[in-house]
Amino acid sequence: MKLVIVESPSKAKTIKKYLGKDFEVLASYGHVRDLVPKEGAVDTEHGFEMRYAVIPRNQKHVDAIAKALKKADALYLATDPDREGEAISWHLYELLNDKGMLKNKAVHRVVFYEITKQAVNQAVSHPRELSTALVDAQQARRALDYLVGFNLSPLLWRKIRRGLSAGRVQSPALRMIVEREEEIERFVRQEYWTIDAQTTKDETPFKARLTHYQGKKLAQFDLGNDGAANAARQALLDAAAGALTVRKLEKKQRKRNPAAPFTTSTLQQEAARKLGFSTRRTMSVAQELYEGIDLGAGPIGLITYMRTDSVNLANEAIAELRELIGQRYGADKLPPQPQQYKTKSKNAQEAHEAIRPTSAMRAPDELRGHLSHDQARLYDLIWKRTVACQMIHATLDTVAADLEAGSGVGLFRATGSALRDPGFMQVYREGVDDSVLESDDRLLPPLEEGETIALTDLLAEQHFTEPPPRYSEASLVKALEEYGIGRPSTYASIISTLLAREYVELESRRFTPTDVGRVVNRFLTQHFSRYVDYDFTARLEDELDEISRGEKDWVPVMRQFWEPFHELVDERARNVSRDEALQAREIGTDPKSGKPVSVRMGRFGPFVQIGTRDDEDKPRFAGLRPGQKMDTIALDEALKLFDLPRELGTTPDGDKVSTNVGRFGPYIKYGSKYVSLKDEDDPYTVTLERALELIEEKRRIEAERIIKQFERADGGKVEVLRGRYGPYITDGERNARIPKDVEPETLELDACEKLLAEAPPKKSRRGAAGKTKAPAKAKPAAKAPTKAKTSTKTKASSNTKAPTKARASSKVRATAKPKAQ
């Protein structure tokens, strides 16, 4: 028996079908080992030796492989054909070798780029050795990422706040998003005007744009206001006297060539543009198509390997594509010779081919009944792009006409085009970023030089320049690729990390940096500028590529990076103060106290501070609300944050009613009791009438919740309550379950006391026994509450005492008590 190891169980199932009964196919379920998650996992003093441990969740899969290997004559390592796949095979080899299980057993590395019977059997028939170069490149990448993360992240924790992270590739990507946002904020809109002629010939209306005025070619801002535009419009109307003369005609044929077949990067971009897929979703669906879909006779891989920088196609694939095109679209849609595309990446030989269908003859319409909605849409995209890349160019007839008003007073240009031969566009058109795809081609009526065209009107239109657009997933992937930051297979994880760390947000499918993202970026660009530099990051990626090709040894590359980096981390840890890292911005003076007002980043988010730690009185704090940014908040906006707590009035019983933000979000306080505000309520605007409604609702719910109440001799209470998971007994210190055979309404105090005595003490949120656990959404502690998570509407504000801990609320977030600055 021969044992074959692949990465996923779905791939194992597909390959087992092709190899037959002499082979056993098992899955490693991804990586089997990783660096131990603690300091010293990479020994920088001894040749960057790396300490690995089996990933706990995969231990059972490693054990299963080891058990199966005992019965096998040979081991075939058939993980993915890239650095990560090579590393997984190497780790398995090392683990099994250390156990002494590879003695007298042949070990082979097999690589295939599509999961078809022919490709799999060909790979098994022609195995190779493990590639030391690919393994070294992957180890170097992992070690670099570890060293950056384990050295920079703790520094961010100490200097800014806990839970932050920095990464070798994620940090330059963050810088890219932040710099785009800063560019947008610096942008100053400029007004400009255009003048269009509305003309008609043979009852066919068309437009022409003014390009020259008074003998001068118009620049964008030459008509900079309505006065200049309307004066020019009137002068042109007077000169034209109701007609324009055709002074020049230009007729050309334009060719448009098809786009290259998909690489990982271009697939991610197109799936984002056309399907609205995130990079992670694209790669997940592509993985499913690659590993195998059951079309009725067992699973079969529908696309080639989806992690590739190559635009090459195998000769067999091109021959099949040309056959399909001839049959389906006609021989006239085939170029005389196959279309050739040049791969830009030096490392494309790792991935061999572009992403394509394993058989072009499997048309999308024929597979829809076997595919999920996402699978069908992505396969359709890949199939069309691949077919189109081997079709003839599209041919467009273009016409440009210059129309004159008067004798040299103004010149207008009209353009039009018609699709003479759609060529590849019959199948596929590539999407674009940040602009509108071509609409129906605009046609001009037949024109002749010297003829006169009726002028219907001149339209003067106001415009304003637009700032550069924020990055979408597609345009960010494109920019990362252009800068050489990361590699296509890592883009999805880069974006996921930035979102998970709350360094960026996706709004209307565009990335905006959060306040904490900007603070981290400024800290890194100021103090670690080399390591977030685009060129430096790209050069390091190139060096990893050189290692993978066997052109460089990985240890000198590691040493060259580590020594100056380590020295800089130590120096910055000593010499950069927390005040400097927090990047406080003074925004004015509080008119009531005369104290400075500043905005800064705290342990639990951005906040406004009135006063300093040197003042006799303690500073006051208030957290920013959603939508407010540290870099742009104004003094008047900041001072409004200190309106809490708000006194609203009194209840009919005479208890004072106020509103504030606390541990569990925004709340109403009445007397010594609390009730949470609803999602739609705002503590800054909620009325007394609304507060009384919420108080009454809480009283009604509490009354319905109580089954029985008992008074203890010491003044304490024992209650039988209805809970989320059924009735229970509580004295505030312990909760006791009620036996199923006991009716809660029949319980007396003695029986309750007995059940409570047998129950364990409750644990507080900090793990201490004996403290009452706060209810889900209300009753904050007597002092202002503490820490907050993200909310969707309003963040915290507090007054003389800073809030401490807050749980997520749908409307308001509290800030933890910041350290006075």
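**Cavities, sheets and helices in a predicted model**

In this predicted model, the largest cavity is lined by Val148, Leu152, Gly167, Arg168, Ser171, Leu524, Tyr531, Val532, Phe536, Thr537, Phe561 and Phe565. Three elements, namely helix H5 (132–159), helix H16 (534–548) and helix H17 (554–575), each give two or more residues to this lining. The volume of the largest cavity comes to about 80 Å³, and the structure as a whole holds 5 cavities of 30 Å³ or more.

Towards the start of the chain, attention turns to an open sheet. This sheet is built of 4 strands in the order S2-S1-S7-S8, and the pairing is parallel. Strand S2 (23–27) and strand S8 (106–109) each have a single partner strand and stand at the edges, so one side of each is left without a neighbour in the sheet. On average, and with direction ignored, neighbouring strands of the sheet are turned by 20° against each other. Helix H2 (residues 59–69) packs on the sheet, where the helix touches S1, S2 and S7, and its direction makes about 165° with that of S2. Within the sheet, strand S1 (residues 2–6) and strand S7 (residues 74–77) run parallel and are joined by 4 bridges; Leu3, for example, has Leu75 in S7 as its bridge partner.

Helix H2 also contains His61, a residue that counts as buried because its relative accessible area is 15%, below the 20% under which a residue is called buried. When neighbours within four places in sequence are left aside, the contacts of His61 are with Ala27, Ser28 and Tyr29. Of these, Ala27 falls within the range of strand S2 (23–27).

The loop between helix H3 (83–98) and S8 holds Asn104, whose phi is near 60°, a positive value in a residue other than glycine. With a relative accessible area of 83%, Asn104 is exposed. A comparable backbone setting is described for Glu502, which is not a glycine and yet has a positive phi of about 60°. Glu502 lies in the loop between H14 and strand S18 (504–507), and its relative accessible area of 38% places this residue in the partly exposed class.

Helix H9 (residues 279–291) offers a check of helix geometry against expectation. At 1.5 Å a residue, its 13 residues should span 18 Å, and the end C-alpha atoms are indeed 18 Å apart, which agrees. The residues of H9 that are buried are Thr279, Thr282, Met283, Val285, Ala286, Gln287, Leu289, Tyr290 and Glu291. These buried residues pack against helix H1 (9–19), helix H8 (264–275), strand S13 (293–294), helix H12 (373–388), helix H13 (473–483) and helix H14 (488–500). Just after the helix, Gly292 takes a positive phi of about 135°.

Helix H10 (residues 315–328) includes Ala319, which counts as partly exposed at 46% relative accessibility. From Ala319 to Asp145 the C-alpha to C-alpha distance is 43 Å, and the two residues are 174 residues apart in sequence.

Further along the chain, the peptide bond from Leu644 to Pro645 is cis, with omega near -5°. Pro645 is placed in the loop between helix H19 (635–640) and strand S24 (646–650).

Antiparallel pairing appears in a group of three strands. Strand S28 (residues 706–711) and strand S29 (residues 717–723) run antiparallel and are joined by 5 bridges, and one of the bridge pairs sets Glu711 opposite Lys717 in S29. The hairpin of S28 and S29 has 5 residues between the strands, and in this hairpin Gly715 takes a positive phi near 95°. Strand S29 in turn pairs with strand S30 (residues 726–730) in the antiparallel sense, over 5 bridges, and Val720 has Ile729 in S30 as its bridge partner. S29 and S30 likewise form a hairpin, with 2 residues between them.

Methods: Residues numbered from 1 in each chain as written. Predicted model: local features only at pLDDT ≥ 70, side-chain atom pairs only at ≥ 80, totals over all residues. Heavy atoms only, no water. Pairing = 2+ DSSP bridges. Axes fitted to C-alpha atoms, helices over the stretch in contact; angles between N-to-C directions. Contact = heavy atoms within 4.5 Å. Buried < 20%, exposed > 50% of the residue type's maximum accessible area, 1.4 Å probe, protein only. Expected span 1.5 Å × (residues − 1). 1 Å grid on protein atoms, 1.4 Å probe; cavity = no way out; pocket = protein on both sides within 12 Å on 5 of 7 lines; lining within 4 Å. Points joined across faces, edges and corners; volume = space filled by probe spheres on them.
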